[in-house]
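Me: I'd like a close look at one part of this model, the sheet and what sits around it. Could you walk me through it in one go?

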Protein chains: 2
Amino acid sequence: MIIDGKKLSQMIIEDLKEERKKIAGKIRLAAVLIGNDPASLSFVKQKKKVGEKIGVELRLYQYATTIKTKELRHQVGKLCRLSTNKGLIVQLPLPSSINTQSVLNAILPLKDVDVLSEKNLGAFFTGRLPILPPVVAAIRFILEKYKISLEGKNVLIIGRGRLVGKPALIWCVNQRATVTEANQKTKNLPELMKKADVIITSAGKPNLVKGDLVKPGVIIFDAAVMTEKGKLRGDCDLNSLQKKAQLITPVPGGLGPLTVAFLYVNLLELTKRQR
Amino acid sequence: MIIDGKKLSQMIIEDLKEERKKIAGKIRLAAVLIGNDPASLSFVKQKKKVGEKIGVELRLYQYATTIKTKELRHQVGKLCRLSTNKGLIVQLPLPSSINTQSVLNAILPLKDVDVLSEKNLGAFFTGRLPILPPVVAAIRFILEKYKISLEGKNVLIIGRGRLVGKPALIWCVNQRATVTEANQKTKNLPELMKKADVIITSAGKPNLVKGDLVKPGVIIFDAAVMTEKGKLRGDCDLNSLQKKAQLITPVPGGLGPLTVAFLYVNLLELTKRQR
């Protein structure tokens, strides 16, 4: 079955509208963007649209690509201290001239809705953070909706990035899954795919995961996002997989919209904790 | 080959003696112990002995098992603020009445030589911490000594505990290994063992890893520590493994002494950063 992430996200957005009404005062999400990469701008726009539906303003703070790490840290810190900014996101990737983690560490933990600062990562690592990284929250949501437990399951995570691979790894281990983390240096990927009950992929390689490589009934979360000829693409060949997989999230329209919805779940949760 | 951890640790201790001489003033390691469990006391004593060799005082701070989380946090914070205490360790496990992570979070990051506070875990997670969790440092030391790179290797980690499994997982992923994390719920452990180039085990199950279960030339780090009839035991059957494994760390006398040595490597490193 192909997961309709758009439809599921709309349900969450409806709940968020109600939730938002219970919170008095202005709620703003600060979005920091360096330069004006069209893909990044389009992602920010999508987030802004969802914010408007919920009753939250996303305010874009744009800086030139010449900005230095130190200055950007300073700006992020300043934006976090504005009490109307209830959350702050830094649109990734940043230019290679900037020390990304250093900038992310300047986000105040209580405003770090993306769970990217080291302080929040540490609390997430020990299972003590009240929010989850948005993409992990989206995965959990789908698993819970279909009453699937990861305990004892073979989970394969392809990719070890900051936004998907590493947080998914930690979370799946905390769920007592048997988790394998594969990357570009992995030699036996086909064999690992064949054994996996669940695959979470964010490699950025179209058609990396195909029907003849996986076992029947597999659950696939495609968290890769590439732009190919102006269109979004994931790691999966949906055609060959849709009959073989028990569940699969497509790109676009799968984890993407859900991840944005859970960004706002996190924002409202942290807003409540700021009083 | 069986690794002689005792001998290797003595080399490190010799280096530490020289290193210590370059640092002026008193260096003390505070060790917090709750109750008086004989095994815990014996571990603390071993650490104290090594400290004496290096020229560092380990001072034991013992509290009754009736102490509450909040009070213990307060004590840990107070001990950290004494400038002579250059590092602080909490001997684990703590009684179940105490919130362990909450206590560990009271250790100041610059004095957290065991890398157990969330703040240090977060920095370790992103690869930015200047020290490594001691057992990970011991594993890295052995790998470097024998010129073994983990990149592209199949690493199996058995156990997902705070001291070994989880930090080893993160570190091996950061080394671009293909890492599988197995636990009590894992169904295909024999198959995973057979495929592993490297096994890091901390399950606490004697004879879990045996010669007929692994592939020839495997590298095994036994990080389990149990007391059986007053003797230390690990997860491995050394008899059947010593011919089959390329390298294996025995228990006792393997990772244990090295881990203690690297505790002091961390202490001196953090001491230098406290000026």
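Reply: Thr201(A) stands opposite Asp222(A) in strand 7 of chain A. That pair belongs to a parallel pairing, in which strand 6 (residues 198-201) and strand 7 (residues 219-222) of chain A are joined by 4 bridges. Bear in mind throughout that this is a predicted model.

Now zoom out from that pair. Strands 6 and 7 of chain A are part of an open sheet of 10 strands, with mixed pairing, and the order reads 10(A)-7(A)-6(A)-4(A)-5(A)-5(B)-4(B)-6(B)-7(B)-10(B). The edges are taken by strand 10 (247-249) of chain A and strand 10 (247-248) of chain B; each has a single partner strand, so one side of each is left without a neighbour in the sheet.

In the middle of that order, the sheet passes from one chain to the other. Strand 5 of chain A and strand 5 (residues 178-182) of chain B run antiparallel and are joined by 3 bridges. To pin down the register, look at Glu181(A), which has Val179(B) opposite it in strand 5 of chain B.

The strand pairing is one part of the contact between the chains. In total, 24 residues of chain A are in contact with 24 residues of chain B. On the chain A side, at least two residues each come from helix 5 (118-125), helix 7 (165-174) and strand 5 (178-182). Helix 5 of chain A gives the most, with 6 residues. If you're thinking about the chemistry of that side of chain A, its residues split into 7 nonpolar, 8 polar and 9 charged.

Just before strand 5 on chain B there's a backbone detail to check. Arg176(B) sits in the loop between helix 7 and strand 5 of chain B, and its phi is positive, about 65 degrees, although the residue is not a glycine. Arg176(B) counts as partly exposed, because it has 18 C-beta neighbours inside 10 Å. You'll find a second case in the loop between strand 6 (198-201) and strand 7 (219-222) of chain B, where Asn207(B) is located. Asn207(B) is also not a glycine, and its phi is near 65 degrees. With 14 C-beta neighbours inside 10 Å, Asn207(B) is partly exposed too.

Stay on chain B and step back into helix 7 (residues 165-174), where Pro167(B) lies. Pro167(B) is buried, since 26 other C-beta atoms lie within 10 Å. Setting aside residues up to four places away in sequence, Pro167(B) touches Val115(B), Phe124(B), Pro133(B) and Val136(B). Its C-alpha is also 8.3 Å from that of Phe125(B), a residue 42 places away along the chain.

Back at the edge strands, follow the chain onward from strand 10. Pro252(A) lies in the loop between strand 10 and helix 10 of chain A, and the peptide bond joining Val251(A) to Pro252(A) is cis, with omega about 0 degrees. Chain B has a cis bond from Val251(B) to Pro252(B), with omega near 0 degrees, and Pro252(B) lies in the loop between strand 10 and helix 10 (255-272) of chain B.

That loop in chain A leads to helix 10 (residues 255-272), whose 18 residues reach 26 Å from first C-alpha to last, close to the 26 Å expected at 1.5 Å a residue. Helix 10 of chain A is mostly covered, with 15 of its 18 residues buried.

For a glimpse of what helix 10 of chain B packs against, take Val50(B), which is in helix 2 of chain B. Beyond its neighbours within four places in sequence, Val50(B) is in contact with Ile13(B), Val260(B), Ala261(B) and Tyr264(B). The C-alpha atoms of Val50(B) and Ile13(B) are 7.7 Å apart, although 37 residues separate the two in sequence. Val50(B) counts as buried because it has 20 C-beta neighbours inside 10 Å, and the cut-off for buried is 20 or more.

Helix 2 (residues 38-54) of chain B also belongs to a right-handed β-α-β unit, along with strand 1 and strand 2 of chain B. Those two strands, residues 28-34 and residues 57-63, pair in the parallel sense over 7 bridges. Within that pairing, Leu58(B) is the bridge partner of Leu29(B).

Finally, the domain picture for chain A: the assignment gives domain 1 (25-108) and domain 2 (134-256), and their C-alpha centres lie 28 Å apart.

Note on methods. Residues are numbered from 1 along each chain as its sequence is written. Chains are lettered from A and ligands numbered from 1 in the order in which they are written. This is a predicted model: local features need pLDDT of at least 70, side-chain atom pairs count only at pLDDT 80 or more; totals for chains, interfaces and linings use all residues. Two residues are in contact if their C-beta atoms, placed from the backbone, lie within 7 Å. Ala, Val, Leu, Ile, Met, Phe, Trp, Tyr, Cys and Pro count as nonpolar, Asp, Glu, Lys and Arg as charged, and the others, Gly among them, as polar. Two strands pair if DSSP finds at least two bridges between them. The expected span of a helix is 1.5 Å times one less than its number of residues. A residue is buried if 20 or more other C-beta atoms lie within 10 Å of its own, exposed if 12 or fewer, and partly exposed in between; C-beta atoms are placed from the backbone. Domain bounds come from an automatic or database domain assignment. A crossover is right-handed if, with the strands pointing away from the viewer, the path from the first strand over the helix to the second runs clockwise.
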